[in-house]
Amino acid sequence: RVVTWFEFLTDGFAPDSMASAAQEVLSNIWADAFTKNTVDASGQVEAKLLELMTNASVWSIVEIAAGAGGAAAAWNSRLRAGGAPSATVLLTDLQPNVQAWRALREEHGDAIKFVEASVDATTLATTIGPRPMPRMIHLALHHFPPGTVRAVFADVLRSGASIIVADLAPNAGGLHSVA
């Protein structure tokens, strides 16, 4: 695993206030990327998500390790604009950033839901119920040890859900770039 200075802010080594500030930066990066249409520029992910929603009257994406929730909120806005007016996101995290999530709910209304308590992504099906809701994780999976990643994917499979992972990949210089 490649670790940068930014990682220490969001891996439990820094005070919550610093972690929250780092999460806000990440949310702003996602918002900018969605505004510039650099996220799913071809529309393939959006089309697949809309296809999954075709027969659902109410539909939700569960965001694992949601941080400040910016990526999930941006996806939800795109899906609502693309033909899923009842789409919602359910924000979850082992260390929930409830203050940021409340601000998102103020901005997006009923499109944003969240679990205020700590949620373990390896046993998510027991937290959110048996319905196999698609899951997303943005810029967080690389924080998880390999055993935890396997447990997260096992929980997805057990529940019959699907998962979309948007994460980082190391480049030749040891820095991260969005992959």
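Which elements make a right-handed β-α-β unit with β1 and α4? The third element is β2: β1, α4 and β2 form this right-handed unit. The model described here is a predicted one.

The overall layout comes next. Seven helices and seven strands make up the secondary structure of the chain. Along the sequence, their pattern reads α-α-α-β-α-β-α-β-α-β-α-β-β-β. Of the 179 residues in the chain, 45% are buried. Contacts between residues at least 6 apart in sequence were also sorted by separation: 68% of them join residues at least 24 apart. The chain exposes an accessible surface of about 9,300 Å². Carbon and sulfur atoms account for 58% of that surface.

The strands give the next part of the picture. An open sheet is formed by five strands, in the order β3-β2-β1-β4-β5, with parallel pairing. Its edges are β3 (112–114) and β5 (163–166), each of which pairs on one side only. Neighbouring strands of the sheet are turned against each other by 25° on average, direction ignored. β4, residues 135–138, pairs with β5 in the parallel sense over four bridges. Within the sheet, M136 lies opposite I164 of β5.

Two helices pack on this sheet. Helix α3, residues 44–53, touches β1 (59–64), β2, β4 and β5. The direction of α3 makes about 130° with that of β1. Helix α7, residues 146–159, touches β1, β4 and β5. The direction of α7 makes about 155° with that of β5.

Strand β2 deserves a separate description. β1 and β2 run parallel and are joined by five bridges. W59 has A87 of β2 as its bridge partner. On the other side, β2 pairs with β3, again in the parallel sense, over three bridges. L90 stands opposite K113 of β3. From β2 the chain crosses through α5 to β3, and this β-α-β crossover is right-handed.

Is β2 enclosed or open to its surroundings? Five of its five residues are buried, so β2 is largely enclosed by the rest of the structure. Its side chains point in two directions: A87, V89 and L91 one way, T88 and L90 the other. All of these residues are buried.

T88 illustrates the setting of this strand. T88 lies in β2, which spans residues 87–91. Its relative accessible area is 6%. The cut-off for burial is under 20%, so T88 counts as buried. Beyond neighbours within four places in sequence, T88 contacts W59, S60, I61, N76, R80, D110, A111 and K113. Among these partners, W59 and I61 also contact L49.

Nonpolar residues gather in separate cores. The largest nonpolar core holds 29 residues. Those with the most contacts inside it are W30, L49, I61, L79, L91 and I112. At least two residues of this core come from each of α2 (16–35), α3, β1, α4 (70–81), β2, α5 (98–108) and β3. Helix α4 gives the largest share, six residues. The surroundings of L49 include W59, I61, W75, L79, M136 and I164, leaving aside neighbours within four places in sequence. A second, separate core has 15 residues, including A121, L124, M133 and L141.

Helix α2 offers a further example. F34 has its place in this helix. Is F34 buried or exposed? Its relative accessible area is 11%. Burial requires a value under 20%, so F34 is buried. Apart from residues up to four places away in sequence, F34 touches V39, A71, A74, W75 and R78. W75 is also a contact of L49. F34 and S77 are 43 residues apart along the chain, and 9.9 Å separates their C-alpha atoms.

Technical notes:
Residues numbered from 1 in each chain as written. Predicted model: local features only at pLDDT ≥ 70, side-chain atom pairs only at ≥ 80, totals over all residues. Heavy atoms only, no water. Buried < 20%, exposed > 50% of the residue type's maximum accessible area, 1.4 Å probe, protein only. Contact = heavy atoms within 4.5 Å. Areas by Shrake-Rupley, 256 points an atom, 1.4 Å probe, with all protein chains shown as cover. Pairing = 2+ DSSP bridges. Axes fitted to C-alpha atoms, helices over the stretch in contact; angles between N-to-C directions. Core = buried A, V, L, I, M, F, W, Y, C linked by side-chain atoms within 4.5 Å. Right-handed = clockwise from strand over helix to strand, strands pointing away.
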